[in-house]
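Please look over the model shown here before reading the notes on its fold, its domains and its ligand surroundings.

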Amino acid sequence: MTAFPKTSALMQRGSDFLGSEYAILCGAMSWVSERNLVSAISNAGGFGVIACGAMTPDLLDTEIAATKALTGRPFGVNLITMHPALFDLIDVCAKQGVTHVVLAGGIPPKGSVEAIKAFGAKVIVFAPTLALAKKLLRSGGDALVIEGMEAGGHIGPVSTSVLAQEFLPALADDHLVFVAGGIGRGEAIAGYLEMGAVGVQLGTRFACASESIAHPAFKKAFIRANARDAITSVQVDPRLPVIPVRALKNKGTEEFTAKQIEVARLLDSESIEMGEAQLQIEHFWAGALRKAVIDGDVENGSLMAGQSVGMVKQEEPVADIIRQLMDESEAALARR
Ligand SMILES: Cc1cc2nc3c(=O)[nH]c(=O)nc-3n(C[C@H](O)[C@H](O)[C@H](O)COP(=O)(O)O)c2cc1C
């Protein structure tokens, strides 16, 4: 008998799919979502996801093996679709017997979904529009995450509440949909579950967990911040389309403006092409995030955070965070 009967009942399809006790994913966070946080999330009944980010296939191989050594429970691997070695990374997941692969950062390239399904793993996809979501679910996606612009990291233009109203009534009966972006408390989880979501994905709320290896200065910045401090990056040149990133405002925010001007000049002088320009921008973010998460340089690094950062009040164990979320959801449903 579960301690959270109403919430667990609404999460049933999601937790069956993930193989976890609760259908709460900790979204992959580059540098943060490594063996320690991922295993802690899965051991606490949630579903951890390794952020492959810019890792090489060898590094990913090591990280998966190390995570398996820390948890016997299911976890996933998040691969960025524009990674130049995407298919080698998929081979690593196959070799390691990964059960769930999340494809993030763009439309999955031809053959990638098939390559993942070929070794029996489930594929979780993101989609910015309903039409694309339907297409991806038709062509092999097993579950969908909709992520609103309240989220931390790279974001789309639409809020979670609007995405939920657009996608859930259309898809929830026949498909597995998880909702992400701006979730800080269980009452919000209850609301999305009642709308038909089978589970949720949170990032910001877990970044400061005791088990997270993020630098103490990074965690301190999160604990101090309010929702309004988590702002989106600005595109300075209309010819250089950059995906907006939500992060706490600091000096690094301005450095991104300078980086865009530098890359736009290279485009102007035809020293580089658009694909290379976008890759340079993504490398900038990966480096800036590392500076903040690992080195603790909270001035110049990138403090990617969602608007729910205002609800991060202290460093606490993953199990406590998950319990609070489930308690709040259950109490909300009990009041209905
Ligand atoms: C510090 C940080 C790094 C992130 N890195 C990634 C990433 O590498 N890949 C990815 O798909 N999502 C990334 N995300 C998004 C999360 O996986 C998750 O979807 C998001 O945090 C959910 O919204 P929330 O922050 O409002 O909880 C990142 C988020 C944060 C806060």
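The briefing below takes up the barrel, then the two domains, and then the shell around the ligand.

This is a predicted model. Its protein chain is divided into domain 1, made of 5–213 + 313–335, and domain 2, spanning 216–307. Both domains give residues to the shell around the ligand, so the ligand shell lies between them.

**Barrel**
- Eight strands form a closed barrel with parallel pairing, in the order 1-2-3-4-5-6-8-9, and from one strand to the next the twist averages 25°.
- Within this barrel, strand 3 (residues 76–80) runs parallel to strand 4 (residues 100–104), and the two are joined by five bridges; Asn-78 stands opposite Val-102 in strand 4.

**Domains**
- The centres of domain 1 and domain 2, taken over C-alpha atoms, are separated by 23 Å, and 20 residues of domain 1 are in contact with 18 residues of domain 2.
- On the side of domain 1 that touches domain 2, strand 7 (153–154) and helix 9 (204–207) each supply at least two residues, and by class this side has seven nonpolar, ten polar and three charged residues.

**Ligand shell**
- There are 28 residues around the ligand, of which Gly-27, Gly-152, Gly-153, Gly-203 and Gly-306 come nearest.
- Strand 9 (199–202) and helix 9 are the elements that give two or more residues to this shell, and helix 9 provides the largest share, three residues.
- By class, the shell around the ligand divides into twelve nonpolar, 13 polar and three charged residues.

Technical notes. Residues numbered from 1 in each chain as written. Predicted model: local features only at pLDDT ≥ 70, side-chain atom pairs only at ≥ 80, totals over all residues. Pairing = 2+ DSSP bridges. Helix = DSSP H or I, 4+ residues; strand = E, 2+ residues; numbered from the N terminus. Axes fitted to C-alpha atoms, helices over the stretch in contact; angles between N-to-C directions. Domains from an automatic or database assignment. Contact = placed C-beta atoms within 7 Å. Nonpolar A, V, L, I, M, F, W, Y, C, P; charged D, E, K, R; others polar. Near = placed C-beta within 6 Å.
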